[in-house]
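Here are three short exercises to work through with the structure open beside you. Try each task before reading its solution.

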Amino acid sequence: MIDDPKKRREGKHPLPEWLVKKLDIPAELCEGEMRVEMRGRSCLLVHGCRRILDYSPELLRLGMKECVMCIKGENLLCQAYLAGAVGIEGKIFELRFEEASC
């Protein structure tokens, strides 16, 4: 008898879909989609960042999957950048999205 991996996989769900169902988590988390959490005007947590394009105390530009996120403020500080998550602190004045080609 030959063990065919394709036949074994038939009827099984891909891993991200399985995780979403079993762990009851939002599908966006497994698909690498953008998620933004803001606490007051001084703390921002962004998930789904592919890279930091510009970084200064007045402006951060983050390359996301389908756009560029611009954060304008004062004394902006990138506290953490790990596995596509960026933690930003400082006085936030504006959060804007641009086309990815900009």
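**Exercise 1.** Place Glu 98 in its strand, decide whether Glu 98 is buried or exposed, and find what Glu 98 touches.

*Solution.* Keep in mind that you are looking at a predicted model.
- Step 1: Locate the residue; Glu 98 is part of strand β6.
- Step 2: Check the accessible area. Glu 98 has a relative value of 19%, and buried means under 20%, so Glu 98 counts as buried.
- Step 3: Look for neighbours. Leaving aside residues up to four places away in sequence, Glu 98 touches Arg 61, Cys 67, Val 68 and Cys 70.
- Step 4: Inspect the side chains. Those of Glu 98 and Arg 61 are joined by a polar contact of 3.2 Å.

**Exercise 2.** Find which strands pair with β6, and over how many bridges.

*Solution.*
- Step 1: Start with β2 (residues 43-47), which pairs with β6 (residues 85-99) in the antiparallel sense over five bridges. Here Leu 44 sits opposite Ile 88.
- Step 2: Turn to β5 (residues 67-82), whose antiparallel pairing with β6 runs over 13 bridges. Along β6, Lys 91 is the bridge partner of Glu 74, and Gly 87 faces Ala 80.
- Step 3: Follow the chain through the β5-β6 hairpin. Two residues lie between the strands, and Ala 83 takes a positive phi near 50 degrees.

**Exercise 3.** Write down the strand order of the open sheet and name its edge strands.

*Solution.*
- Step 1: The six strands run in the order β1-β2-β6-β5-β4-β3, with antiparallel pairing.
- Step 2: The edges are β1 (35-39) and β3 (51-55), each pairing on one side only.
- Step 3: For the twist, neighbouring strands of this sheet are turned by 35 degrees against each other on average, direction ignored.

Methods:
Residues are numbered from 1 along each chain as its sequence is written. This is a predicted model: local features need pLDDT of at least 70, side-chain atom pairs count only at pLDDT 80 or more; totals for chains, interfaces and linings use all residues. Side-chain values use heavy atoms; hydrogens and water are left out. Two strands pair if DSSP finds at least two bridges between them. Helices (H or I, at least four residues) and strands (E, at least two) are DSSP runs, numbered from the N terminus. Buried means under 20% relative accessible area, exposed over 50%, partly exposed in between (1.4 Å probe, protein chains only). A polar contact is a pair of N or O atoms within 3.5 Å; within protein, one must be able to donate a hydrogen and the other to accept it, and residues adjacent in sequence count only if both atoms are side-chain atoms. Contact means heavy atoms within 4.5 Å. Axes are lines fitted to C-alpha atoms, for helices over the stretch in contact, and angles run from 0 to 180 degrees between N-to-C directions.
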